[in-house]
Amino acid sequence: MEDSERQHVVLFPFMAQGHITPFVALAELLRRRRPTLIVTLVSTPLNIQKIKSSSSPPSLSSIRLRSIPFSPAAHGLPPEAETAAAIPFHQIVTLLHASRSLQPAFEQLIEDITQEDGRPPLCIIADNFFAWSVHVARRFGAFHCIFFTSGAYGTTVYSSLWTHLPHRKTDSDEFPLPEFPDIIIHRSQLPKHLLMADGTDPWSDFLQGQISLSSETDAVIINTIEEVEKTGLRMLRKVLPCPVWPVGPVLSSPSSASAGNDHIMKWLDSQPPASVLYISFGSQNTIAAPQMKELAMGLEASRTRFLWVIRPPVGFDVKGEFKAEWLPEKFEERMRDEGTGALVHGWAPQLEILSHASTGGFLSHCGWNSVLESLSRGVPIVAWPLSGDQLYNAKIMEEELGVCVEVARGNMESSKADRVVVEKVVKEVMHGGQRGKEIRRRVEEVRVLMKEAWRDGPGSSVKGLSELF
Ligand code: UDX
């Protein structure tokens, strides 16, 4: 896409951490690699405030931040819904539908930018949950691009499941994906809202609409790497009529979130190299209370050092007080006295932790940002996918990439976690068993591929980005 006159690019992420983080990183990347571009990042007021307070000023100084009004209360949602954090799961779908109400304000903002610049933006890069923004781009004659913040395989499988609801057409526990019959999905790999979907429910209504609109976009850029996700990219290119350019890994700068976390880094400094299993279920999720106990007991039995970002279990206020009764008796005290485990209540500086020499593994829910952060630091994954694309991220990483072992799945009442399996898998990955060694070898290969993708000259992500600008 070339236009020497119009150099303004507008980025528009969905209002959730897992989406905003890579969009901010993309904004920084665009400014670094294409200094002639004006980059504006648009979100709702609370998110813009959060971005300003969590990012280091030098990296943001060249990015314009603009907010558009959004009223969660008008949709029966609590104020914190604006960041999609700390709200019960059933409210997420209400938020998705409510986010459609941003269209007039977004349109007005593009109008304002057009007035200020004397010409419309060159390009709108929007979240796939905001595929409706293609209508706005068309009105102003701007190029429209969707930035997929999740991986190619996870995105394609998840979209295909929502489009065809294949599990409704069979009683079998295992079934193939209609467009990709060689991919077999197990019913336990369907999140509850997908399992219950019948095509007329609010989730189907929103997601099917956005999936269908995404085929109208001019191009897709995706936070993945050509050499790492060959299968996923082949699949995504089969279902989308537009060009698909991988530009990953797009990662935030490690320095942006570490203030106030010295105690965590100090604890890590005191641990032996590659000995600590970092545990986190991402920015939104948590596990069920019985699962929490199984995980704790499995960890203790494995005699592995760990750093666990812990939140109240499913069904409790995630921002509420943490109760010791959710863990085995005197668990935290024992771990503290022995110096072998630490719990972090709240937010952890994940990228710094994964970059630390003491971190040797990551027990993760497999949100795509976590996956990229871990693999880019050469840290193998113990997968415990909970929902959405995470289940398929774990599947491809175990079956094809060989960089992880799945330990449990889901956080519903019916989802089981078994302390014996936790102990076995954690030992396998952390204590140098045959499989653990093989996984580390594969992770190192993937780490190098990720690095190469951004090498000047032949790197595939450098090429992907230059296809766009
Ligand atoms: C959501 C979806 O669940 C995920 O599957 C999809 O790919 C993106 O959106 P989320 O739960 O937010 O993701 O997980 P993830 O994609 O891993 O993103 C979480 C981000 O928050 C990461 O960048 C991680 O480093 C950061 N984080 C999370 C912290 O820095 N500290 C924490 O304590 C928790």
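**Exercise 1. Find the residue that stands opposite Ile381 in strand 15.**

Solution. Ile381 faces Cys404 of strand 15. Next, look at the pairing: strand 14 (residues 381–383) and strand 15 run parallel, joined by three bridges. Strands are DSSP runs of E, at least two residues, numbered from the N terminus. Two strands pair if DSSP finds at least two bridges between them.

The model is predicted: local features need pLDDT of at least 70, side-chain atom pairs count only at pLDDT 80 or more, and totals for chains, interfaces and linings use all residues. Residues are numbered from 1 along each chain as its sequence is written.

**Exercise 2. Place strand 15 in its sheet and name the edge strands.**

Solution. Start with the order: 12-11-10-13-14-15, an open sheet of six strands with parallel pairing. Strand 12 (341–345) and strand 15 (404–406) are the edges, and each pairs on one side only.

**Exercise 3. Decide how enclosed strand 10 (residues 276–280) is.**

Solution. Count a residue as buried if 20 or more other C-beta atoms, placed from the backbone, lie within 10 Å of its own. Five of the five residues of strand 10 are buried, so the strand is largely enclosed by the rest of the structure. Now split the directions. Val276, Tyr278 and Ser280 point one way; Leu277 and Ile279 point the other way. In a regular strand, side chains alternate between the two faces of the sheet. Finally, check a neighbour: Ile279 stands opposite Trp308 in strand 11. Four bridges join strand 10 to strand 11 (residues 305–310), and the two run parallel.

Terms used. Buried ≥ 20, exposed ≤ 12 C-beta atoms within 10 Å, placed from the backbone.
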